[in-house]
Amino acid sequence: MNEPLIELHNIAFAYPGAPQPVFQDFNFQLLPGKHLGLIGPNGCGKTTLLHLIMGLLRPQAGSIVIFGQEVKKEKDFVDVRQKVGLLFQNADDQLFCPTVLEDIAFGPLNQGKPPAEAIQIARETMERLGLHGFEDRVTYKLSGGEKKLVSLATVLAMQPQLLLLDEPTAGLDEKTKDRLIHILKSLDIAFMIVSHEQDFLNHTVKECCHVHGHCCQPITT
Amino acid sequence: MHRLDPRGKIVVAGLFAVLMAVSKSYVAPLAGLALALICLALARLPLKKVIARLLAVNSFIFFLWFVLPLTYPGDVVWHFGPLSATRQGLVFTGLITLKSNAIIIALIALVATVPIVTLGQAMHDLRLPDKLCHLLLFTYRYLYVFEQEYHRLVQAMKIRGFQPRTDLHTYRSYAYLAAMLLVRSYDRADRVFQAMLCRGFHGVFYSLRTFSWQRRDGIFVMMAMVALAELLYLEWRMPNLL
């Protein structure tokens, strides 16, 4: 019943050409329903951890188990990406369709949904995130905060069972941060947030851990 | 004009451009120019914008007038010191000018009136290679981002007192700027692709828009085909000028 959503066993990972590995014998697990904050100095491997889970980077050693299944090859990760959503640090990397509606429908269409259903899902997601009336807005002309919320909508439209957020508050004003907190609180899925903002984490997660080269050390708040 | 199915407009514009490009006489391009102007009038575009676009194209052709008549071999009609212009050269340059303007006006009226996104989808519907359609859509999407990136870099140079001069420092700085833009765009392309993978992308774009072919589209294409056939007939009947 309480099988971990994510398990990382003895992961070793180094970027090519880097003097030191990011992870060495790294172990980590995330239990269902958890809301976890990941903190640590720049370059400690927070983003790397998220990218390893999504299969955007591959460990040099160790195993990754997601939803009880070991994932190794690109094909395994294709399934993972249907269930795990990743919100990128930079919204400009995430939004690439000309209009908001098309961008949000992109994921559902990739999941094999017919266009009419994809549009329906996109509209519902926008409604939920307070993005009503944004359908035909051009993605690259949105403000920074709007881009972030639309990016989140593109990920949530795929109805993930787990959400990974990479520094979601970077460059956002207080009002948009509050909206983000409100949205995250209304989610009934597990999520992990990488952030440098303790205040934001206090509002959104119950546990935080410090990412090290070998493990994630829980911090009691 | 704007409500016509973009697929019909693309096909007509494409055939028209090919026909213009291969014609060797003055008659077909003249008739073509007239047809293109009629389309332009029907499209009711802001005149200022159209003229600006035409000027941009014709500024290239302007330089041809300096080179071609003087270098094309043939009967000399005009001497200017050591230089001499030939009749054939002048005829040829005039033909190029006429053809390019006919093609560009037709494209402005038919293709440029379609939003880029719709254009990409219409091209996809016409079974043009996917790579071409994706290239078009992505170029359009990220042109703006690169422009911003460029301005950010230029500003970063300016606030540290950079002023372009004619010296090595300036050239080196510009080279760095260009290289940095290249590297950054490569990185960004990488990240965009990763983000797409995370959302289940597997090489196929699905389109939300469907086009509907209507009676007016059939009529438009039929009329265009008749006009193109007449141009072809004119071209076939007229002697080669060169």
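1. A good place to start is the salt bridge between the side chains of D93(A) and R191(B), at 2.6 Å from N to O; the term here means a side-chain nitrogen of Lys or Arg within 4 Å of a carboxyl oxygen of Asp or Glu. Across the interface of chain A and chain B the rule finds three salt bridges.

2. A word on the basis: this is a predicted model, in which local features need pLDDT of at least 70 and side-chain atom pairs count only at pLDDT 80 or more, while totals for chains, interfaces and linings use all residues. Residues are numbered from 1 along each chain as its sequence is written, chains are lettered from A in the order in which they are written, and side-chain values use heavy atoms, without hydrogens and water.

3. On the contact itself, 31 residues of chain A touch 26 residues of chain B (contact: heavy atoms within 4.5 Å). About 2,600 Å² is buried between the two chains, with 60% coming from carbon and sulfur atoms; this is the accessible area (1.4 Å probe) that two parts lose on being put together, summed over both. In chain A, D93(A), F96(A) and Y140(A) lose the most area to chain B, together 27% of what that side buries.

4. Do look at helix 4 of chain A (helices are DSSP runs of H or I, at least four residues, numbered from the N terminus). Because 11 of the 11 residues of this helix (residues 100-110) are buried, it is largely enclosed by the rest of the structure; buried means under 20% relative accessible area (1.4 Å probe, protein chains only). Its cover includes helix 5 (116-125) and helix 7 (168-198) of chain B.

Notes:
Buried means under 20% relative accessible area, exposed over 50%, partly exposed in between (1.4 Å probe, protein chains only). Helices (H or I, at least four residues) and strands (E, at least two) are DSSP runs, numbered from the N terminus.
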